[in-house]
Amino acid sequence: MQESLQTCSYVLPKKNRRCRMLVKPGNLFCGEHAIFDTKNTNRIICPNDSKHTVLLCELEKHLLKCNSRISEEDYIRKDANAIVAETKFDEKIDRRPSEEEIISVIHKIWKYYEEIASHQLIIDFRHSNLVQNHINSNPIIGKDKKKHLIQIGSILEHLIENGDCRDEKGTCVFELGAGKGQLAYWISKSVPNVSIILMDRSGCRNKFDSQMRKENPNLDFQRFRCSIEHMDLSKIETLTNSNKIIAICKHFCGSATDAGIRSLINSGLKFDNSLLIPCCHHKSRFAEYGGHGLLRKLEIDDEGSFAALRYLASFATNGAESLSQTEYEENSWKNLYPPAELGRRAKAILELGRAEWLQELGYKTKVIEYVPADVSPENLLILAKKI
């Protein structure tokens, strides 16, 4: 019986293997990959998001509940904070750099970091007693969860001390790309009297949201489901009525960080402080990136050079640290400098560029290494205070 079952014929490009979903008798592809069948007339790519498909007969019903739809709300204005468009819908992020483009950039990265960038970065690891007590009292917490909590503990201390987040009414913490809401949960425990607004484009189970409300029924808390590219923050009443607004994000992917900064500026509101922790620098796009001022100084402000910078940044997180120089091809650029260290330096330059951009917008900035790299290689925090 088991041997007669046939799996989908589609080969997953990233995994280089066939899809393991079962197919109906006589079909070559599963429902999701039926669009690759030359005889297919029933299934199409979703107009909202090219990453999934939908039956043509169910299209109208699907569009009403599609997780990637743009809702008709006062606070939603399509592409309000984007230069090109929302990165989510693009199959590829710009392009892969050539060997020549990589070689032309790496010497500039290495030299600038040695002479300037390394002196601008601040190492400031912090620990929250509240979070640390939770870790100590729960010895069964797994390694990965513990790392997230260590990051949250440091963020909390930077938020309260460097971000001037006081536990008082009239203060609002706005989290971009809030995900499951774990960071917001710990913020609500540390400063229970502030207002908290969460924004994320995806749906989630809201386990931490429920826990927040359960532990603090009087908490002023809202969650908005929207991609930051489309969010008009001037329409959020809690923000407009707050005396002090602090923006925060933890691991905001790629160009979403740049769109997030634009959303703060475009709102016309005064964001007193911002604590921004970007990630996934390999998903950044040349047109959307805000730190072109620094790139011009380094003479790498063109699409080819940026593609190389973005590509190199990925080596800080892709396991290059574990490879020895002998494992690389003889004439490879990877023999010029250690790729993992190049990746770390490329990430620093991308964040210093954003920090300089924020300075031009009227903020005093610092770029802080807030946890050790073995806790998270995405360990740079941009602290911006309105002057």
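**Figure 1. Cys249 is a buried cysteine in a predicted model**. The relative accessible area of Cys249 is 1%. Which cysteine sulfur is closest to that of Cys249? The sulfur of Cys279 is, at 8.7 Å. That is too far for a bond. A disulfide needs two cysteine sulfur atoms within 2.5 Å, so Cys249 and Cys279 do not form one.

**Figure 2. Cys226 is buried and has no sulfur partner within bonding distance**. Cys226 has a relative accessible area of 6%. Its closest cysteine sulfur belongs to Cys66. The two sulfurs lie 14 Å apart, too far for a bond. A disulfide is a covalent link between the sulfur atoms of two cysteines. How many disulfides does the structure hold? The count is zero.

**Figure 3. UniProt places a domain feature at residues 43-70**. The record names the feature "domain: CHHC U11-48K-type". The entry is unreviewed. In the model, helix makes up 25% of residues 43-70 and strand 21%. The C-alpha atoms at the two ends of the span are 22 Å apart.

**Figure 4. The second largest pocket holds about 760 Å³ of space**. The lining of this pocket counts 24 residues. Which of them are closest to the pocket centre? They are Lys145, Lys180, Gln182, Lys207 and Phe208. Several elements each supply at least two lining residues. These are helix H4 (143-162), helix H5 (182-190), helix H6 (207-215) and strand E9 (244-253). By class, nine lining residues are nonpolar and nine are polar. Six more are charged.

**Figure 5. Ser188 sits in helix H5 and contacts a backbone oxygen**. Helix H5 spans residues 182-190 and supplies at least two residues to the lining of the second largest pocket. Is Ser188 buried or exposed? Ser188 is buried, with a relative accessible area of 7%. Its side chain reaches the backbone oxygen of Tyr185. The distance is 2.5 Å.

**Figure 6. Asn162 in helix H4 makes a polar contact between side chains**. Helix H4 runs over residues 143-162 and also contributes at least two residues to the lining of the second largest pocket. What does the side chain of Asn162 contact? The partner is the side chain of His158, at 2.8 Å. Asn162 is buried. Its relative accessible area is 14%, and the cut-off for buried is under 20%.

Technical notes:
Residues are numbered from 1 along each chain as its sequence is written. This is a predicted model: local features need pLDDT of at least 70, side-chain atom pairs count only at pLDDT 80 or more; totals for chains, interfaces and linings use all residues. Side-chain values use heavy atoms; hydrogens and water are left out. Buried means under 20% relative accessible area, exposed over 50%, partly exposed in between (1.4 Å probe, protein chains only). UniProt positions are given in the numbering used here, feature names are shortened, and annotations may be inferred rather than shown by experiment. Helices (H or I, at least four residues) and strands (E, at least two) are DSSP runs, numbered from the N terminus. On a 1 Å grid over the protein atoms alone, a cavity is a set of points where a 1.4 Å probe fits but cannot get out, and a pocket is an open set with protein on both sides within 12 Å along at least five of seven lines; lining residues have an atom within 4 Å of a point. Grid points are joined across faces, edges and corners, and a volume is the space filled by probe spheres set on the points. Ala, Val, Leu, Ile, Met, Phe, Trp, Tyr, Cys and Pro count as nonpolar, Asp, Glu, Lys and Arg as charged, and the others, Gly among them, as polar. A polar contact is a pair of N or O atoms within 3.5 Å; within protein, one must be able to donate a hydrogen and the other to accept it, and residues adjacent in sequence count only if both atoms are side-chain atoms.
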